Every structure is written in structure tokens, then in C-alpha cells.
Amino acid sequence: MRATFDNSNLINNLKLSIMKTIFTFLGMLLFTVALAQDKVFVHTATAGNISADATFLDHPDLNGNSSANFIVTHNLNNGGVQYNDHITGTFYNGTQWLVYNEDGSDMVEGSSYNIYIPQGGKMISAEAGGASYTIELNDPAINDDPNAVIVYSTYYNPNSMRNDFNYGMWYDASNGRWNIFKENLDPIDGGAAFSLLIDEGTGDATAFRHTTTAGNTSSNYTTIDHPSLNGKPEAYPVVAHNWGVTTDPINIILDKTIGVWYNGSNWTIYTEDVSAMPEDVIFNIYVADEPLGVGEETVADISSYPNPTNGEVTFTSKEAISNVSIYNILGQEVKQISGNNNTDLTINISELATGNYIAKVQTGKAVQSVKLIKL
């Protein structure tokens with residue numbers, strides 16, 4: 001007579017072990033993503049950190065890190081209004097990173113700079129060949145995507161080159177490639193180097209565009225109206241000029257040094273030489289989503305599915321969802337849906353154009369941003 005063996009306990013234990021492994025892996029993955037949040041801070045040039053044409057940065061993610069990548073944008077009014085009408089670049093001296101005036105002029109004491117350190121967003125580098133005013137960028141994150149949002153900083157180290165010129169982005173519709181171009185249209189010096197942030201990735205960032213109009217422009221500045229910035233003086237955005245797409249009806253050259261300032265309720269983009277801000281200028285903007293600290297209200301476990309979607313999408317939370325607002329990459333609200341006081345809310349976005357959107361999911365007083373992709 002053959003003996004029988006009850007293996008049900010073995011199977012159950014094996015299933016339990018597999019589930020524990022899966023949950024452990026997911027937990028590690030979530031922890032890794034959480035650590036990969038983009039960071040921003042504002043740096044002010046003072047007598048103590050200025051040396052000739054440069055100001056020394058002091059940040060744990062930058063100090064002693066020669067491979068660090070970051071983007072810099074002038075900030076007009078951090079602790080006091082101070083212009084610096086000089087193009088600035090980035091430089092690593094072997095131990096610290098510096099922001100310096102490309103033309104070699106003395107760094108302006110009291111001038112401030114927004115420093116954006118991508119830790120989840122994707123950065124690439126580019127160098128000029130010396131024969132053209134433009135450099136073609138080739139990366140799957142932005143190829144064939146006329147709606148990509150790109151910002152840049154000039155970078156001294158690779159070839160020890162200063163680069164005292166303004167640059168912008170343009171999209172060649174004939175081959176589906178983005179380019180960085182010199183605003184005065186002269187050839188870029190061979191070896192001139194650039195660091196470019198091309199995708200918000202998993203960095204918990206919001207990337208969008210702003211276009212100047214008669215209604216949002218006054219004197220030398222344009223006012224940005226976007227939920228990631230409104231009423232947030234410590235958002236510290238970084239910006240770059242976007243010429244647009246070759247098929248656009250209007251494309252504007254802007255050979256100006258630009259910066260940002262907070263006017264008490266909104267962030268603005270201004271020209272450092274105080275010249276009038278033209279209409280129809282497009283700006284690319286990156287904002288690192290603010291982390292939630294201890295004691296702040298949080299939105300627990302917001303998720304969305306299916307995402308990407310070509311029709312319905314469902315948002316879920318541990319808290320009752322009171323509202324969902326959807327914004328396009330220009331920061332315009334394209335859809336708003338009131339919740340039904342349940343922890344899940346299904347909406348239909350089939351009428352929206354294909355592309356990337358930001359969904360602001362609100363539960364009570366707390367709001368969480370969710371990147372939404374419409375197929």
C-alpha cells in the first residue's frame with residue numbers, strides 16, 4: 001500500500017513565503033522611489049561665500065559630489081531685491097560646486113539663485129560641435145514629443161569653457177527632435193557643455209509651460225498662474241525659454257537673461273535687463289513637489305488605474321476624495337470633478353487630447369499631485 005503525503009501545509013507556507021518576498025520587494029521599491037524625490041533650495045551670494053565672479057554652494061547633496069547634476073535659475077527677491085544681469089553657469093572646483101558669472105564680472109552680493117537637484121527626474125548632457133547655433137538632442141524620453149518640457153544650465157567643467165550666451169529650446173517637427181539653440185543664432189563654440197533636465201520621471205515634480213499674453217504680462221515680467229506655485233513662496237521653480245515647434249504660427253526669439261521672483265501670491269518670470277517682456281513667449285517650468293512633513297495633513301496611498309488610459313480612470317485613497325482637478329502642461333485646468341465622499345472616484349477623460357496631465361486629488365484640506373497619461 002502506497003503511503004500518502006499531505007503537502008497542503010508546504011504549499012501554504014510556500015505561498016506565504018512568496019507573498020512576503022513580493023511585499024518586501026514592493027516596500028523596498030516604494031522606499032527607493034520616495035528617496036528619489038527632486039530637491040530645491042535657494043542660495044544667496046554673500047560676502048562670506050563670494051570669490052571674484054563666483055559664489056560657493058553648500059548643500060549635502062552637492063558637496064564633494066563631482067557627478068552631481070543641477071539646474072540654476074536667478075531668484076530676484078530672496079530676502080531683498082537684487083538683480084544680476086549676467087548669465088550664470090555651474091562649476092565644480094574639486095570639493096564644492098559654484099555658480100559663476102559667465103562673463104567674468106564680480107558676483108553680485110545679495111543676488112540669489114534657485115537650485116534644482118533632480119534625484120528622480122532625468123538629466124542628460126550635451127556638448128557643441130562648433131559648426132552650428134543648435135545642438136540636436138536625442139533621447140527616447142523626449143524624441144517625437146513636441147510637448148516635452150526641458151530646462152538647462154551651462155556647465156564649465158568638461159572642457160573648461162565659459163559660455164556667456166543665452167539659450168532656448170526648439171522642436172524640429174521634420175525629424176521629431178528637440179534642440180538647444182543659441183538665442184543670437186551665432187555658432188555655439190565647440191566644446192560648450194550643457195546639463196539638461198528633460199523629464200520629471202519619478203522625482204515627484206511638476207513640469208509645465210507658461211505663455212506670455214497681454215493679460216499676464218506687465219513691464220519686464222509675466223505672472224504665472226499654476227496650482228503648484230500659487231501661494232507658495234518656497235516653491236523655487238526653475239525656468240527656460242522655449243522657442244516652440246517649427247510648425248507653430250508664432251515663434252519668439254528671447255536673447256535675454258531671465259529669472260523668477262515671487263510677488264506675494266504668484267511666481268513671475270522677469271528679464272534681468274528690465275526690458276519689456278514680449279507676448280507669445282513660451283517658458284518651460286519645473287517645480288519640485290513639496291514633501292509632506294511630520295504633523296502636516298497627508299493624503300494616504302493615492303493611486304490611479306488604469307494609468308495610462310484612453311477613457312476612464314479611478315482614483316483611490318484611504319480618505320474620502322472631495323475633488324479632482326486636472327491640468328494640462330500649460331497649467332490650464334481642463335476638467336474638475338467633485339467627489340462623492342467615497343474613497344474612490346472614477347472619471348472619464350476620453351474627451352481630453354492625448355498627452356500628459358497633472359491630477360490634483362483633494363481629501364479635506366490636503367492635496368496630492370498624480371501624473372496622468374491620456375492615450
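Which residues of β7 lie on one side and which on the other, and are they buried or exposed? In this predicted model, Ser 112, Asn 114 and Tyr 116 are on one side of β7, while Tyr 113, Ile 115 and Ile 117 are on the other, and all of these residues are buried, leaving both faces of the strand covered. In a regular strand the side chains alternate between the two faces of the sheet. Because six of the six residues of β7 are buried, the strand is largely enclosed by the rest of the structure.

Before following β7 outwards, it helps to have the overall make-up in view. The protein contains one helix and 27 strands, and of its 375 residues 47% are buried. Among the contacts in the protein with a separation of 6 or more, 71% are between residues 24 or more positions apart. The surface that the protein exposes comes to about 17,700 Å², of which carbon and sulfur atoms supply 51%.

β7 belongs to an open sheet of seven strands, whose order is β1-β7-β4-β18-β19-β16-β15 and whose pairing is mixed. At the edges of this sheet stand β1, covering residues 39–44, and β15, covering residues 217–218, each of which pairs on one side only. Strand β7 itself spans residues 112–117 and pairs with β1 in the antiparallel sense over six bridges. Within that pairing, Phe 41 has Ile 115 of β7 as its bridge partner, and Val 42 stands opposite Asn 114 in β7. β4 and β7 also run antiparallel, and five bridges join them; here the bridge partner of Asn 75 is Ser 112 in β7.

One residue of β7 shows in detail what surrounds the strand. Tyr 113 is found in β7 and is buried, with a relative accessible area of 0%. Leaving aside its neighbours within four places in sequence, Tyr 113 is in contact with a set of residues that includes Phe 41, Val 42 and His 43, as well as Val 72, Thr 73, His 74 and Asn 75. Further contacts of Tyr 113 in that set are with Thr 55, Asn 84, Thr 88, Val 99 and Met 107. Although Phe 41 and Tyr 113 are 72 residues apart along the chain, their C-alpha atoms are separated by 8.4 Å.

Strand β10 offers a second case of an enclosed strand. Five of the five residues of β10 are buried, so this strand too is largely enclosed by the rest of the structure. Val 151, Ser 153 and Tyr 155 point one way from β10, whereas Tyr 152 and Thr 154 point the other way, and all of them are buried. β10 pairs with strand β13, residues 193–199, in the antiparallel sense over five bridges, and in this pairing Ser 153 stands opposite Ser 195 of β13.

Some of these residues also take part in lining internal cavities. How many cavities of 30 Å³ or more does a search of the whole structure find? The search finds two, and the largest has a volume of about 270 Å³. The lining of the largest cavity consists of 19 residues, and those that lie nearest its centre are Val 72, Tyr 152, Asn 166, Val 239 and Ile 258. At least two lining residues of the largest cavity come from each of β4 (71–75), β10 (151–155) and β17 (238–245). By class, the lining of the largest cavity comprises nine nonpolar, eight polar and two charged residues.

The second largest cavity holds about 40 Å³ of space, and its lining is formed by Ala 68, Asn 69, Phe 70, Thr 90, Trp 97, Tyr 155 and Ser 195. Four of the residues in the lining of the second largest cavity are nonpolar and three are polar, with no charged residue. Tyr 155, one of the buried residues of β10, is thus named in this lining, as is Ser 195, the residue of β13 that stands opposite Ser 153.

A further pair of strands completes the tour. Strand β14, residues 205–211, is mostly covered, with six of its seven residues buried. β14 pairs in the antiparallel sense with strand β20, residues 282–288, over seven bridges, and within this pairing Arg 209 stands opposite Asn 284 in β20.

Terms used:
Residues are numbered from 1 along each chain as its sequence is written. This is a predicted model: local features need pLDDT of at least 70, side-chain atom pairs count only at pLDDT 80 or more; totals for chains, interfaces and linings use all residues. Side-chain values use heavy atoms; hydrogens and water are left out. Two strands pair if DSSP finds at least two bridges between them. Helices (H or I, at least four residues) and strands (E, at least two) are DSSP runs, numbered from the N terminus. On a 1 Å grid over the protein atoms alone, a cavity is a set of points where a 1.4 Å probe fits but cannot get out, and a pocket is an open set with protein on both sides within 12 Å along at least five of seven lines; lining residues have an atom within 4 Å of a point. Grid points are joined across faces, edges and corners, and a volume is the space filled by probe spheres set on the points. Ala, Val, Leu, Ile, Met, Phe, Trp, Tyr, Cys and Pro count as nonpolar, Asp, Glu, Lys and Arg as charged, and the others, Gly among them, as polar. Buried means under 20% relative accessible area, exposed over 50%, partly exposed in between (1.4 Å probe, protein chains only). Contact means heavy atoms within 4.5 Å. Accessible areas come from the Shrake-Rupley method with a 1.4 Å probe; for residues, only the protein chains shown count as cover.
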